[in-house]
Amino acid sequence: MKSIIISTTILFSSILAFSQKEESSGPGWFFSAEAGAMFHPDDIGRTVGWTGGVMLFQNHLKLGFNYFSRSGPINPQTFPLVLPAEAEYKGQTTLQLRSDHGAFGVMVAPVFSFGGVKLEIPVSAGFMGAGYFLTGENRITPDGRRVSEWEDELMGDNDAGFGTMIEGGVKILFPLKNVPISLGSGIYYTLNPGWQSYVGGSTYYNVPRLAFSVQFDTH
């Protein structure tokens with residue numbers, strides 16, 4: 001976590017420094033930090049993420065990368081795992097699991113300006129990973145083995161899975177005056193075809209997503 005904060009701070013500083021040298025008619029750079037939620041059938045998952053890249057054609061097109069995650073530490077929701085007959089873990093036959101999710105993709109977004117407001121239509125494609133893990137005191141294993149080994153064993157080496165991420169949405173940005181910062185919000189629909197895990201089914205992460213963002217840019 002510390003390395004992520006340091007890297008993000010350096011990136012912000014580089015973007016803002018570069019923005020002082022960039023001509024307004026040329027390509028620009030942007031970086032957007034976001035927080036939001038994924039609307040699962042039985043749970044609203046908190047998310048954090050970022051988007052960054054270049055702005056082309058006088059800021060009418062964005063190309064870049066995006067990442068967002070539903071991190072287990074900030075999501076208290078648990079999911080029941082009923083163990084097969086005659087199986088148990090520390091005397092328990094039903095376990096409560098927590099879930100992690102992360103997605104990374106390449107993004108393209110046409111940008112339309114209406115007065116002082118900008119409307120984007122971002123489309124992303126990439127990959128994702130998601131899975132389930134033991135929580136609380138259950139992370140202290142009965143035989144001293146790593147908890148990941150027990151998770152693999154209890155869920156048949158299928159406690160986590162990887163698949164394709166495809167996402168489309170609409171985002172609105174409100175540029176602030178006299179500073180290279182914009183405030184925004186967006187709504188998206190995230191598809192994860194091919195993802196499977198022992199708990200949750202293959203369509204668990206095909207859900208809408210809402211995000212609020214702060215964008216630093218060169219224009």
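Reader: What makes Glu34 and Arg209 a salt bridge?

Author: In this predicted model, the closest N and O atoms of Glu34 and Arg209 are 2.6 Å apart, and a salt bridge asks for a side-chain nitrogen of Lys or Arg within 4 Å of a carboxyl oxygen of Asp or Glu, so the pair qualifies. Glu34 lies in strand β1 (residues 28–40) and Arg209 in strand β10, so the salt bridge ties together parts that are 175 residues apart in sequence.

Reader: How do you know whether Glu34 and Arg209 are buried or exposed?

Author: The word buried is used for a relative accessible area under 20%. Glu34 has a relative accessibility of 10% and therefore counts as buried, and Arg209, with a relative accessible area of 2%, is buried as well.

Reader: Why is the contact between the side chains of Arg139 and Glu151 called a salt bridge?

Author: The N to O distance for Arg139 and Glu151 is 3.3 Å, and the cut-off is 4 Å, so the name applies. Arg139 lies in the loop between β7 (123–134) and α2 (147–154), while Glu151 belongs to helix α2, so this pair ties together parts that are 12 residues apart in sequence. Arg139 is partly exposed, at a relative accessible area of 38%, whereas Glu151, at 6% relative accessibility, counts as buried.

Reader: Which residues are linked in a network of salt bridges?

Author: The network links Asp143, Arg145, Arg146, Glu149 and Glu153. Within it, the side chains of Glu149 and Arg145 meet at 3.8 Å, N to O, and this distance is within the limit of 4 Å, so the pair counts as a salt bridge. A search of the whole structure finds nine salt bridges.

Reader: Why is Phe114 called exposed?

Author: Phe114 has a relative accessible area of 54%, and exposed means over 50%, so the word fits. This residue is placed in strand β5 (residues 94–114), and together with Phe112, Ile121, Val170 and Ile187 it makes a nonpolar surface patch of about 470 Å².

Reader: What makes Gly72 a buried residue?

Author: The relative accessible area of Gly72 is 1%, and the limit for buried is under 20%, so Gly72 belongs in that class. Gly72 sits in the loop between β3 (61–70) and β4 (79–82), and, leaving aside its neighbours within four places in sequence, it is in contact with Arg98, Ser99, Asp100 and Phe133.

Reader: How do you know that β8 and β9 pair?

Author: Pairing requires at least two bridges between two strands, and 10 bridges join strand β8 (residues 160–175) to β9, so these antiparallel strands pair. One of the partnerships is that of Glu167 with Thr190 in β9. The two strands form a hairpin with five residues between them, and Asn178 in the turn has a positive phi of about 70 degrees. On its other pairing, β9 meets strand β10 (residues 207–217) in the antiparallel sense over 10 bridges, with Leu210 in β10 as the bridge partner of Ile187.

Reader: Why should residues 1–23 be read with care?

Author: The chain averages a pLDDT of 86, and 86% of the residues score at least 70. Over residues 1–23, however, the pLDDT is below 50. Where pLDDT is low, the predicted coordinates should not be read in detail.

Technical notes:
Residues are numbered from 1 along each chain as its sequence is written. This is a predicted model: local features need pLDDT of at least 70, side-chain atom pairs count only at pLDDT 80 or more; totals for chains, interfaces and linings use all residues. Side-chain values use heavy atoms; hydrogens and water are left out. Patches are made of residues with over 30% relative accessible area and no salt bridge: like charges are joined within 9 Å, nonpolar side chains (Val, Leu, Ile, Met, Phe, Trp, Tyr) within 5 Å. Accessible areas come from the Shrake-Rupley method with a 1.4 Å probe; for residues, only the protein chains shown count as cover. Helices (H or I, at least four residues) and strands (E, at least two) are DSSP runs, numbered from the N terminus. Buried means under 20% relative accessible area, exposed over 50%, partly exposed in between (1.4 Å probe, protein chains only). pLDDT is the predictor's confidence in each residue, from 0 to 100. Contact means heavy atoms within 4.5 Å.
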